[in-house]
Amino acid sequence: MTSRIEYSEKYQDDSFEYRHVILPKELAKTLPKARLLSEQEWRGIGVQQSRGWGHYAIHRPEPHILLFRRPLGTDPVTGKVDSELERQAKDEYLQTLASTRA
């Protein structure tokens, strides 16, 4: 069933990068409904992503979609924010934002 887990592309704002993970509905039915999953729990059901991601919200209309985020500049190996990576990510975001407004 883990082969049927789908992962979105990453997207970001000026503070976080985000992604959503779509679980098979039959798998989602086995999860707690009223609380966020710990990293151990979401990894335990087969969600695979680099370090630093946190399950941050429940999308009530579609509880089989898990919403994840991590701070910009998070090192995917350590899961910790690297200040240089953070600066680069924020600069890139601002450049992208400026080019879409031009």
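## The side chain of H55

In this predicted model, the H55 side chain comes within 2.8 Å of the backbone nitrogen of L37. That same side chain also reaches a second backbone atom, the oxygen of A57, at 3.3 Å. So if you are looking at H55, follow its side chain to both the L37 nitrogen and the A57 oxygen.

How buried or exposed is H55? Its relative accessibility is 9%, and because the cut-off for buried is under 20%, H55 counts as buried. Once neighbours within four places in sequence are set aside, the residues in contact with H55 are L36, L37, W42, L66, L67 and F68. L37, then, appears both in this contact list and as the owner of the backbone nitrogen at 2.8 Å.

## Strand β4 and its partner

H55 belongs to strand β4, which covers residues 54-58. This strand pairs with β5 in the antiparallel sense, with four bridges between them. Which residue of β5 is the bridge partner of H55? It is F68, a residue that H55 also contacts. The two strands make a hairpin, and six residues lie between β4 and β5.

## Around strand β3

Let's move on to β3, residues 16-22, and its pairings. With β5, which spans residues 65-71, β3 pairs in the antiparallel sense over seven bridges. Here V21 sits opposite L66 of β5.

Strand β1, made of residues 6-7, is also antiparallel to β3, with two bridges, and Y7 faces V21 in that pairing. V21 of β3 therefore has Y7 opposite it as well as L66 of β5.

Strand β2 (residues 11-12) runs antiparallel to β3 and is joined to it by two bridges. In this pairing Q12 stands opposite E17. A hairpin of three residues connects β2 to β3.

## The nonpolar core

The largest nonpolar core contains 13 residues, and the ones with the most contacts inside it are V21, L23, I45, V47, L66 and F68. Both α1 (25-28) and β5 supply at least two residues each to this core.

V47 is a handy place to start exploring. Not counting residues up to four places away in sequence, V47 touches I5, Y7, V21, L23, W42, L66 and F68. Several names here will be familiar: W42, L66 and F68 are also among the contacts of H55, and F68 is the β5 bridge partner of H55.

Methods. Residues numbered from 1 in each chain as written. Predicted model: local features only at pLDDT ≥ 70, side-chain atom pairs only at ≥ 80, totals over all residues. Heavy atoms only, no water. Buried < 20%, exposed > 50% of the residue type's maximum accessible area, 1.4 Å probe, protein only. Polar contact = N/O pair within 3.5 Å; in protein donor to acceptor, adjacent residues only side chain to side chain. Contact = heavy atoms within 4.5 Å. Core = buried A, V, L, I, M, F, W, Y, C linked by side-chain atoms within 4.5 Å.
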